[in-house]
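Open the model in your viewer and keep the selection tool handy. We will go from stop to stop, choosing something to select and then looking at what is there.

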Amino acid sequence: MSRDKYSRYDGWSQLLDEVQKNIGGGCKDYADVLSWAFEVLGINYFSYVYMGYLPAESDDVGIVGNYPEEWVETYKSNALHKCDPVIRRSSYTSSSFFWDACKAEDASLFEVFELSSPYGIEQGFTVPIHEPGCAFGSMHFSSPNDNTDFKEIIRANSHLIHAISFLAHQHRPTSIRRQECQKISSREKECLRWVSLGKTYDEIGTILGISERTVKFHAGNVMEKLEVNNIKQALTKAVRLNWI
């Protein structure tokens with residue numbers, strides 16, 4: 001059957017313009033605009049998810065969309081993002097995928113699917129959007145299993161779905177953006193880079209022409225700004241923030 005049957009909207013540029021003009025503002029306006037846009041395409045349920053770090057290391061997750069509130073609350077309060085196979089896959093791929101792809105992974109991860117099923121969240125499609133470091137957003141579309149047209153609707157409108165998803169990521173509400181760490185100075189970054197290469201504080205002092213005490217001072221500032229307890233943790237976090 002031709003995909004034209006499932007293509008619900010011909011005015012691509014007009015729809016994108018409307019989204020871009022109206023998507024700014026708080027979570028409610030954001031969700032309302034995207035709900036309208038995706039409904040035009042024949043997609044009833046969506047959720048945008050933002051994570052500042054890898055799923056297993058994130059204590060919180062930003063979620064905006066029109067999924068049932070009870071499900072979102074259950075998901076967040078139980079930190080289900082840590083074991084969600086869809087989020088897990090989104091964290092390491094930039095390619096969009098149907099949720100069927102997750103079923104080839106560890107069956108022990110399917111608890112989330114079992115919990116979401118009563119809310120009509122059974123089959124789905126996800127568009128991951130990555131940033132420098134480990135931060136990433138992902139746009140999720142879902143439907144009950146009895147909606148046999150779901151996949152064809154996604155395929156027929158794929159380009160527009162991806163375009164809107166990227167706009168949504170760029171204009172996500174401030175409340176779900178990652179809280180930025182204090183920026184480190186060029187000297188602090190320089191010291192951190194030499195630490196990453198295995199140099200001791202004494203050796204770094206010699207290389208930079210400063211005292212070991214000064215190197216330790218810069219290292220202490222870095223740890224404080226990154227809110228970590230030691231220099232190894234600082235290195236790990238700096239790499240994930242794409243600072244070094």
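The tour below starts with the whole chain and then moves through some of its helices and loops.

**The whole chain**

Before zooming in, keep in mind that this is a predicted model. Colour by secondary structure, and you can pick out eleven helices and five strands in the chain. The chain has 244 residues, of which 46% count as buried. If you draw contacts, consider those with a separation of 6 or more: 63% of them join residues 24 or more positions apart.

**Helix α2**

Select residues 27-40, which make up helix α2. How far apart should the ends of its 14 residues be? At 1.5 Å a residue, α2 should span 20 Å, and its end C-alpha atoms are indeed 20 Å apart, so the two values agree.

Now show side chains. Y30, A31, V33, L34, S35, A37 and F38 are the buried residues of α2. To see what covers them, add the surrounding elements, which include α1 (12-22), β1 (45-51), β2 (62-65), β5 (136-143) and α7. Just past the helix, stop at G42: this glycine follows α2 and has a positive phi, near 95°.

**Where α2 meets α7**

Keep α2 on screen and add helix α7, residues 158-170. Packed helix pairs are described by the distance and the angle between their axes. Here the axes come within 12 Å and cross at roughly 180°. With that crossing angle, α2 is therefore roughly antiparallel to α7. To display the contact, pick Y30, L34, A37 and F38 on the α2 side, and I164, A168 and H169 on the α7 side. Sorted by class, this contact of α2 with α7 has six nonpolar residues, one polar residue and no charged ones.

**A short stop at A156**

Next, select A156, which you will find in helix α6 (residues 150-156). Is A156 buried or exposed? Its relative accessibility is 17%, so A156 counts as buried, the cut-off being under 20%. Then measure across to L41: A156 and L41 are 115 residues apart along the chain, while their C-alpha atoms are separated by 9.4 Å.

**The loop at A79**

Move to the loop between α3 (69-77) and α4 (85-92), where A79 lies. Most residues other than glycine have a negative phi. A79 is not a glycine, yet its phi is positive, at about 50°.

**Helix α9**

Select α9, residues 201-208. Its buried residues are I204, G205 and L208. Turn the view so that you look down the axis of α9: these buried residues fall within an arc of 105°, so they line one face of the helix. That face packs against α8 and α10.

For a residue of α9 with another setting, click on I207. I207 has 40% relative accessibility and so counts as partly exposed. Leaving aside residues up to four places away in sequence, I207 touches W194 and K199. Between I207 and W194 the C-alpha distance is 9.1 Å, with 13 residues separating them in sequence. Following α9 is G209, with a positive phi near 75°.

**Where α9 meets α10**

Add α10 to the view. The axes of α9 and α10 come within 8 Å and cross at roughly 105°. This crossing makes α9 roughly perpendicular to α10. Show Y201, D202, I204 and G205 in α9, which meet E212, V215, K216 and A219 in α10. By class, the contact of α9 with α10 has four nonpolar, one polar and three charged residues.

**Helix α10**

Finish with α10 itself, residues 212-226. Its 15 residues should span 21 Å at 1.5 Å a residue, and the end C-alpha atoms agree, being 21 Å apart.

Which residues of α10 are buried? They are V215, H218, A219, V222, M223, K225 and L226. Around the axis they cover an arc of only 165°, which puts them on the same side of α10. Rotate to the other side of α10, and you meet R213, F217 and E224, which are exposed. Rotate back and add the partners: the buried residues of α10 pack against α8 (186-196), α9 (201-208) and α11 (231-240).

The last selection is E227, which follows α10 and has a positive phi, near 60°.

Conventions: Residues numbered from 1 in each chain as written. Predicted model: local features only at pLDDT ≥ 70, side-chain atom pairs only at ≥ 80, totals over all residues. Heavy atoms only, no water. Axes fitted to C-alpha atoms, helices over the stretch in contact; angles between N-to-C directions. Helix = DSSP H or I, 4+ residues; strand = E, 2+ residues; numbered from the N terminus. Parallel < 35°, antiparallel > 145°, perpendicular 65-115°, else oblique. Contact = heavy atoms within 4.5 Å. Nonpolar A, V, L, I, M, F, W, Y, C, P; charged D, E, K, R; others polar. Expected span 1.5 Å × (residues − 1). Buried < 20%, exposed > 50% of the residue type's maximum accessible area, 1.4 Å probe, protein only. Arc of directions from axis to C-beta.
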